[in-house]
Amino acid sequence: MEQNTLCVIGGGTMGRGISCVAALGGYQVHLVDVSEAALAGARADIERILDAGRARGVTDDATARDALDRLGLFTDLSRAAGPAACVI
């Protein structure tokens, strides 16, 4: 178990938001959903959220890039949750 790893089940509206904020906060995030398509949509929306934050001056390019680097996408729950200290 890794203390800085968080697993978020579901890439819907809430899961995307939680994943984005946790990644910005420095956590390694494992976002898990049932399909690659759902995960691709979640990642695209998280990128949009980060772009909006950069446009408003809330975050900078390096911080947004680091947050995306901490985001892992999974369709296998056991692989995503296994190393996580917390599952949401």
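Modeller: Let's fix one cut-off before we start: a residue is buried under 20% relative accessible area, exposed over 50%, and partly exposed in between. And keep in mind that this is a predicted model.

Biologist: Fine. Why is Asp66 called partly exposed, then?

Modeller: Asp66 has 37% relative accessibility. That value falls between 20% and 50%, so Asp66 counts as partly exposed. Asp66 sits in helix α3, and its C-alpha is 22 Å from that of Arg79, although just 13 residues separate the two in sequence.

Biologist: Arg65 is in helix α3 too. What makes Arg65 partly exposed?

Modeller: Its relative accessibility is 49%. To be called exposed, a residue has to be over 50%, so Arg65 stays in the partly exposed class. Going from Arg65 to Leu50 takes you 15 residues along the chain, with 8.8 Å between their C-alpha atoms.

Biologist: Thr59 is in a loop, between α2 (36-55) and α3 (61-69). How do you know whether Thr59 is buried or exposed?

Modeller: By its relative accessible area, which is 16%. Buried means under 20%, so Thr59 is buried.

Biologist: Which residues does Thr59 touch, leaving aside neighbours within four places in sequence?

Modeller: Thr59 is in contact with Leu24, Leu50, Gly53, Arg54 and Ala64.

Biologist: Now strand β2, residues 28-32, where Val29 lies. What makes Val29 buried?

Modeller: Val29 has 0% relative accessibility, and the limit for buried is under 20%, so Val29 is buried. With neighbours within four places set aside, the contacts of Val29 include Leu6, Val8, Arg70, Leu71 and Gly72. Ser19, Ala22 and Ala23 are also among its contacts. In space, the C-alpha of Val29 is 5.8 Å from that of Thr5, with the two positions 24 residues apart in sequence.

Biologist: Which residues of α1 are buried?

Modeller: In α1 those are Gly15, Ser19, Cys20, Ala22 and Ala23.

Biologist: How do you know that the length of α1 fits a helix?

Modeller: Helix α1 covers residues 13-24, which is 12 residues, and at 1.5 Å a residue the expected span is 16 Å. Its end C-alpha atoms are 17 Å apart, so the two values agree. After α1 comes Gly26, with a positive phi near 100 degrees.

Biologist: Let's zoom out. In what order do the elements of the chain run?

Modeller: From the N terminus on it's β-α-β-α-α-β-α-β, which comes to four helices and four strands.

Biologist: What makes the radius of gyration agree with a compact globule?

Modeller: A compact globule of 88 residues would come out near 12 Å, and the chain has 12 Å, so that agrees. The C-alpha atoms fill a box of roughly 35 × 30 × 20 Å along the principal axes, and buried residues make up 35% of the chain.

Biologist: How much of the contact set is between residues 24 or more positions apart?

Modeller: Such pairs account for 66% of the contacts with a separation of 6 or more.

Biologist: And the surface and charges?

Modeller: The accessible surface is about 4,800 Å², and 55% of that belongs to carbon and sulfur atoms. There are 8 positive and 11 negative charges, and their mean positions are 4 Å apart.

Conventions. Residues numbered from 1 in each chain as written. Predicted model: local features only at pLDDT ≥ 70, side-chain atom pairs only at ≥ 80, totals over all residues. Heavy atoms only, no water. Helix = DSSP H or I, 4+ residues; strand = E, 2+ residues; numbered from the N terminus. Rg over C-alpha atoms; globule rule 2.2 N^0.38 Å. Buried < 20%, exposed > 50% of the residue type's maximum accessible area, 1.4 Å probe, protein only. Contact = heavy atoms within 4.5 Å. Areas by Shrake-Rupley, 256 points an atom, 1.4 Å probe, with all protein chains shown as cover. Lys, Arg positive; Asp, Glu negative; His and termini not counted. Charge placed at Lys NZ, Arg CZ, Asp CG, Glu CD. Expected span 1.5 Å × (residues − 1).
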